[in-house]
Number of protein chains: 2
Amino acid sequence: MANHFADRITKAIKSKNTPLVVGLDPVYDQLPEKIINHKSMNDANDAASAIDAILEFCTRVLRIAAPLVPAVKLNSAFFERYLWEGVESYYTLLAEAEELGIETIGDVKRGDIGHTCYAYADGHLKNVEMVGLEGTVTPDAITINGFAGEEGIRPFADTALQNGKGVFVWVRASNPSAAAIGDFTDAAGRAIYEVLAEQVDKIASEPQRIGSSGYSNVGMIVGGTSPAATAKLREKYPRTIFLVPGLGSQGATAADCVRFCRPDGTGALINASRSIIYAYNNPQYKSQFADNWERAIEQAILDTKKSLAEAIVAGK
Amino acid sequence: MANHFADRITKAIKSKNTPLVVGLDPVYDQLPEKIINHKSMNDANDAASAIDAILEFCTRVLRIAAPLVPAVKLNSAFFERYLWEGVESYYTLLAEAEELGIETIGDVKRGDIGHTCYAYADGHLKNVEMVGLEGTVTPDAITINGFAGEEGIRPFADTALQNGKGVFVWVRASNPSAAAIGDFTDAAGRAIYEVLAEQVDKIASEPQRIGSSGYSNVGMIVGGTSPAATAKLREKYPRTIFLVPGLGSQGATAADCVRFCRPDGTGALINASRSIIYAYNNPQYKSQFADNWERAIEQAILDTKKSLAEAIVAGK
């Protein structure tokens, strides 16, 4: 594999022919009955039982997703709720994903200043060589919060680059209340998300960060549900890979999301979580596949890929 | 103990007669030689050895700090760098602190939107009742990142309240580059930190959140190094407890920090990390205490308390 995150992910987008990323936000109560009825996994209030169920579910989703999409995004919160035991299972899944040859994004949204960022980067981006933890796999990229500005971004960006990895800085959220902050505008009419994007680009466009694909190892997160004006960022920052959440359950359409793809389909990763991993609860797929939950997820991935591909063509 | 975080911490500020919080940001290489020369703790590249050293050090700092200050702040990054093993040791220290009767702030700066915030809150604020993890202690309060606005704050605030705990929302960072974001100003002259503070206050001032001390379980983080104008927040938001980082190694003076205390000394928690926990490397204390590193830390705490007390009196 290419040793630059942006090159690996661009190659994967091309070979899987889609910008779709499957998001793993596993919630015990929503797992397939076949899993949570199993006697070793049927107790939501027993940490080992619940974690086993989540591991079983996510491992099977990874196997379905690996041949179909360039990357999966693991949402750390849903593992951290099981404390260190859950964190261990998060790293177990990252190793499984590496085995399967699919890129991983650790959705951890870490953010702080200076030396604290370096410590976070060590745990989340560095290739692990410590005795007792050797062989542990960290994500190919993580999400970070750039609230502290340049000093909050650079430590992550540098550690990532040294380890062939990437970071996505949260520039504009996908939820309604984000507007109160994200759209806050100065006297010259610039929104805070534009200022943050500028800060990110200053770091992202440093020559050493640009891979042979032309993209940087430092990308941006911009919600698919954000105002249409955010799509200007695509043109303004040609070296940026955008991670776009909000497709499906959060209400963004395929057309909203592909605004961040280049006409060749590269340059963006579009994440869908609940609309895919819980597809077996969707009446449309339930009637088609009954309790074959894996086929429901597979079909939801294929259908979402199709709608994104059509939206990319329509947007050209 | 009172079941409302703001009441507990206010009582502790009064009984310890200081707003000082000791921050635990443990870095292996900076630990006392007596610890890292021990044969079971002398290998920085062996996870078990390094974690044992950090646990030993932090446990002893907790014992020094417990009778002297109202709270300790554990910086999650310095535990997460040892992956799930480090996270387990973080929770071990929280249990130790509870035994010692000192309040704990988990400096995790988590932030996301909606259902992800609830999942983070479960792992970081909820009293743990899961089989296999029972008896685990979560922090008395955590730090969060309010970048996503109200929907990114309320889930944490609510879970905290239900569990007798608190949250501190990061409103203004203490590092130089934070100004690019934090001081970003609209046409009416309002800085983004003021807008964020307003968002936080909207939630913090809901009547059910206010304890008998008059303070809310939702506080704000404002760097001691931030511009003097931020001190207006103290007057504007009388129900807010401010968590103030930056004293000592980050360059804020006692006078800078006590701007956020009320004249009676309550209403703020002022954090110092490196200037206290590595006091034994400071020539001033080294010459006084030689390799008695615990006495050096104790003296640094006493000296810092004194300088804060004097600054509070001077500021009246």
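**Local environments, strand pairing and chain association**

In the predicted model, B:Thr230 lies in the loop between E6 and helix H10 (232-236) of chain B. Although placed in a loop, B:Thr230 is buried, with 26 other C-beta atoms within 10 Å, a count to be set against the threshold of 20 or more that defines a buried residue. When residues up to four places away in sequence are not counted, B:Thr230 touches B:Arg172, B:Tyr193 and B:Val222. For B:Tyr193, which is 37 residues from B:Thr230 along the chain, the C-alpha separation is 8.5 Å.

Strand E5 of chain B, formed by residues 166-172, has seven of its seven residues buried and is therefore largely enclosed by the rest of the structure. Strand E4 (residues 141-145) of chain B is joined to E5(B) by five bridges, and these strands run parallel. Within this pairing, B:Ala141 has B:Gly166 of E5(B) as its bridge partner. E4(B) and E5(B) also belong, together with helix H7 (residues 150-162) of chain B, to a right-handed β-α-β unit. E5(B) is likewise joined by five bridges to strand E6 (residues 218-222) of chain B, again in a parallel arrangement. In this pairing, B:Val169 stands opposite B:Met220 of E6(B). Two of the contacts of B:Thr230 can be placed on these strands: B:Arg172 falls within the residue range 166-172 of E5(B), and B:Val222 within the range 218-222 of E6(B).

Strand E8 (residues 268-272) of chain B shows the corresponding burial: five of its five residues are buried, so this strand is largely enclosed by the rest of the structure. Both faces of E8(B) are covered. On one side, B:Ala268, B:Ile270 and B:Ala272 are buried, and on the other side B:Leu269 and B:Asn271 are buried. Three bridges connect E8(B) with strand E1 (residues 20-24) of chain B, and the two run parallel; here B:Val22 is the bridge partner of B:Ala272. Three bridges also connect E8(B) with strand E7 (residues 242-244) of chain B, which likewise runs parallel to E8(B). In that pairing, B:Phe242 stands opposite B:Ala268.

The overall form was examined in chain A. This chain has 14 helices and eight strands. The radius of gyration of chain A is 19 Å, close to the 20 Å that the globule rule gives for 316 residues, so chain A is as compact as a globular protein of that length. The C-alpha trace of chain A spans about 60 × 50 × 40 Å along its principal axes. Of the 316 residues in chain A, 59% are buried. Among contacts in chain A between residues at least 6 apart in sequence, 71% join residues at least 24 apart.

Backbone dihedral angles were also considered in chain A. A:Leu83, which is not a glycine, has a positive phi of about 55 degrees. This residue is in helix H5 of chain A, and its 24 C-beta neighbours inside 10 Å make A:Leu83 count as buried. A:Ala290, also not a glycine, has a positive phi of about 50 degrees. In contrast to the helical placement of A:Leu83, A:Ala290 is found in the loop between helix H13 (283-289) and helix H14 (293-315) of chain A. With 11 C-beta neighbours inside 10 Å, A:Ala290 counts as exposed.

Between the chains, 52 residues of chain A are in contact with 52 residues of chain B. On the side of chain A that touches chain B, at least two residues each are supplied by helices H3 (47-65), H4 (77-80), H5 (83-100), H6 (114-124), H7 (150-162), H8 (179-182) and H9 (192-204). By class, this side of chain A has 26 nonpolar, 15 polar and 11 charged residues. A:Ala180, located in helix H8 of chain A, gives one instance of contact across the chains. Leaving aside its neighbours within four places in sequence, A:Ala180 is in contact with B:Gly149 and B:Gln199. With 18 other C-beta atoms within 10 Å, A:Ala180 is partly exposed.

Superposition defines the relation between the copies. Chain A can be laid on chain B with an RMSD of 0.0 Å by a turn of 180 degrees and a shift of 0.0 Å along the axis. The two copies are thus related as by a two-fold rotation axis. Moreover, 100% of the interface residues of chain A are also interface residues in chain B, so the copies meet through the same surface.

Conventions: Residues are numbered from 1 along each chain as its sequence is written. Chains are lettered from A and ligands numbered from 1 in the order in which they are written. This is a predicted model: local features need pLDDT of at least 70, side-chain atom pairs count only at pLDDT 80 or more; totals for chains, interfaces and linings use all residues. A residue is buried if 20 or more other C-beta atoms lie within 10 Å of its own, exposed if 12 or fewer, and partly exposed in between; C-beta atoms are placed from the backbone. Helices (H or I, at least four residues) and strands (E, at least two) are DSSP runs, numbered from the N terminus. Two strands pair if DSSP finds at least two bridges between them. A crossover is right-handed if, with the strands pointing away from the viewer, the path from the first strand over the helix to the second runs clockwise. Two residues are in contact if their C-beta atoms, placed from the backbone, lie within 7 Å. Ala, Val, Leu, Ile, Met, Phe, Trp, Tyr, Cys and Pro count as nonpolar, Asp, Glu, Lys and Arg as charged, and the others, Gly among them, as polar. Copies are superposed by least squares on the C-alpha atoms of residues with pLDDT of at least 70 in both. The radius of gyration is taken over C-alpha atoms; the globule rule is 2.2 Å times the number of residues to the power 0.38.
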